[in-house]
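Visitor: I should like to learn how features of a protein model are read. May we begin with the metal site?

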Amino acid sequence: MTLPLVYHPIYSELDLPPAHRYPISKYRRLYQYLQDTLNIEQHPAIRLFQPEPISVDEIKALHDPDYIDALFSNALPAAKMRRIGFPWSEQLITRTCMSSGGTKLTVDLAHQYGLSIHLSGGYHHAHKDFGSGFCLVNDLALAAKHALTLPGVDTVMIIDCDVHHGDGTATILADEPNVITFSVHCEKNFPARKPDSTLDLALPINTTTEEYLNAFEGLLPLALAQYQPDLVIYDAGVDIHQDDELGYFNVCVEGIYQRDHLVLSRCREAGIPVAAVVGGGYRHDHQLLVNLHAQLIYSAMNILELG
Ligand SMILES: [Zn+2]
């Protein structure tokens, strides 16, 4: 059994103002933490992959070309940059294209190996012609469209368990019947407007670990049985955690492990390849996020019986 992990050091290479709330260093910290706890660089069952940046043409095939041209040339109006939430820089564009390339590569590896994990990704608030909530380009939608070009993949399901609703993904893919969007999120949280996904599971503020797992476990098998996807893209956002600064759920770290294990094991039982991305997670002390994101890798290791 082999677990492919996709990572590039430039994911964390972005200079931000000191008080900026995006935990940009978490990707580098997560990689280092996995090296420290699992020795991923020498682990016999783990293979590391570095992505290539996704091409501008591929992005423009999904997003509005005028938006992408303006975004990439620093010509977006100030209000549109504020909605994204990052100051413009060449670094920002470079890491965005690399991260979308990473999610695409993770889909290819899932198709080949059955399960793969991207140590970035999940930019689900990026819409067709504008960015929002730290998301410029929708890597999940791009990867889902790419997945449909692979042999034997006629239906893709995006299971988005980030605490925030997957609004950009839902709208970009609204006219794509072969991609099923399934968002599990907090009913009263960003974004204020939540356009319909194919499936939405909206849970109240202060949802506990038990309530979360019961609700999700009640719907996931039905969703998989009804739509029978040939490949799943899983956003394992950890902003469902009780201490997250942008989430309002009461889920503990063990609950994150159980949620991830549930998705990966149910898909494995059904023979569905899974490409997982780490998604959101917000703490001022970025180091506090890495053990939460690591639960995804630990659950994958358990399912593949890699210890
Ligand atoms: Zn989120």
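Guide: Donors are N, O and S atoms within 2.8 Å of the metal (3.2 Å for Na, K and Ca); water is not among the atoms, so sites may look incomplete. Here the donors of the zinc ion follow the spacing D-x1-H-x74-D along the chain. Two points on provenance: this is a predicted model, in which local features need pLDDT of at least 70 and side-chain atom pairs count only at pLDDT 80 or more, while totals for chains, interfaces and linings use all residues. Residues are numbered from 1 along each chain as its sequence is written, and side-chain values use heavy atoms, with hydrogens and water left out.

Visitor: Which residues coordinate the zinc ion?

Guide: Asp 162 (OD) is listed twice, and His 164 (ND1) and Asp 239 (OD) complete the coordination, at 1.9 to 2.7 Å.

Visitor: How is the geometry of the site of the zinc ion classed?

Guide: Four donors count as tetrahedral if all angles lie between 85 and 135 degrees; four count as square planar and six as octahedral if opposite donors are over 155 degrees apart and all others between 65 and 115; anything else is irregular. The zinc site is irregular, with angles of 53 to 156 degrees among its four donor atoms.

Visitor: Is Asp 162 buried or exposed?

Guide: Buried means under 20% relative accessible area, exposed over 50%, and partly exposed in between (1.4 Å probe, protein chains only). Asp 162 is buried because its relative accessible area is 2%. His 164 counts as buried too, at 5% relative accessibility.

Visitor: How does one describe two packed helices?

Guide: They are described by the angle between their axes and the distance between the axes. Axes are lines fitted to C-alpha atoms, for helices over the stretch in contact, and angles run from 0 to 180 degrees between N-to-C directions. Helices (H or I, at least four residues) and strands (E, at least two) are DSSP runs, numbered from the N terminus. In this model, helix α5 (residues 90-113) packs against helix α6 (residues 139-147) at an angle of about 35 degrees, with the axes 9 Å apart.

Visitor: Which residues make the contact of α5 with α6?

Guide: Contact means heavy atoms within 4.5 Å. From α5 come Ser 100, Thr 103, Lys 104, Val 107 and Asp 108, and from α6 come Asp 139, Leu 142, Ala 143, His 146 and Ala 147.

Visitor: What can be said of Ser 99 in helix α5?

Guide: Ser 99 counts as buried, at 1% relative accessibility. Not counting residues up to four places away in sequence, Ser 99 touches Tyr 11, His 118, Ser 120, Gly 121 and Tyr 123.

Visitor: What lies in the loop between α6 and β4 (156-160)?

Guide: Val 153 has its place there, and Leu 148 is found in that loop. Val 153 counts as buried because its relative accessibility is 3%, whereas Leu 148 counts as partly exposed at 22%. The contacts of Val 153, not counting residues up to four places away in sequence, include Leu 148 and His 111.

Visitor: How far apart in space are Val 153 and Pro 229?

Guide: Their C-alpha atoms are 8.1 Å apart, although 76 residues separate them in sequence. For Leu 148 and Asn 178, 30 residues apart along the chain, the C-alpha separation is 7.9 Å.
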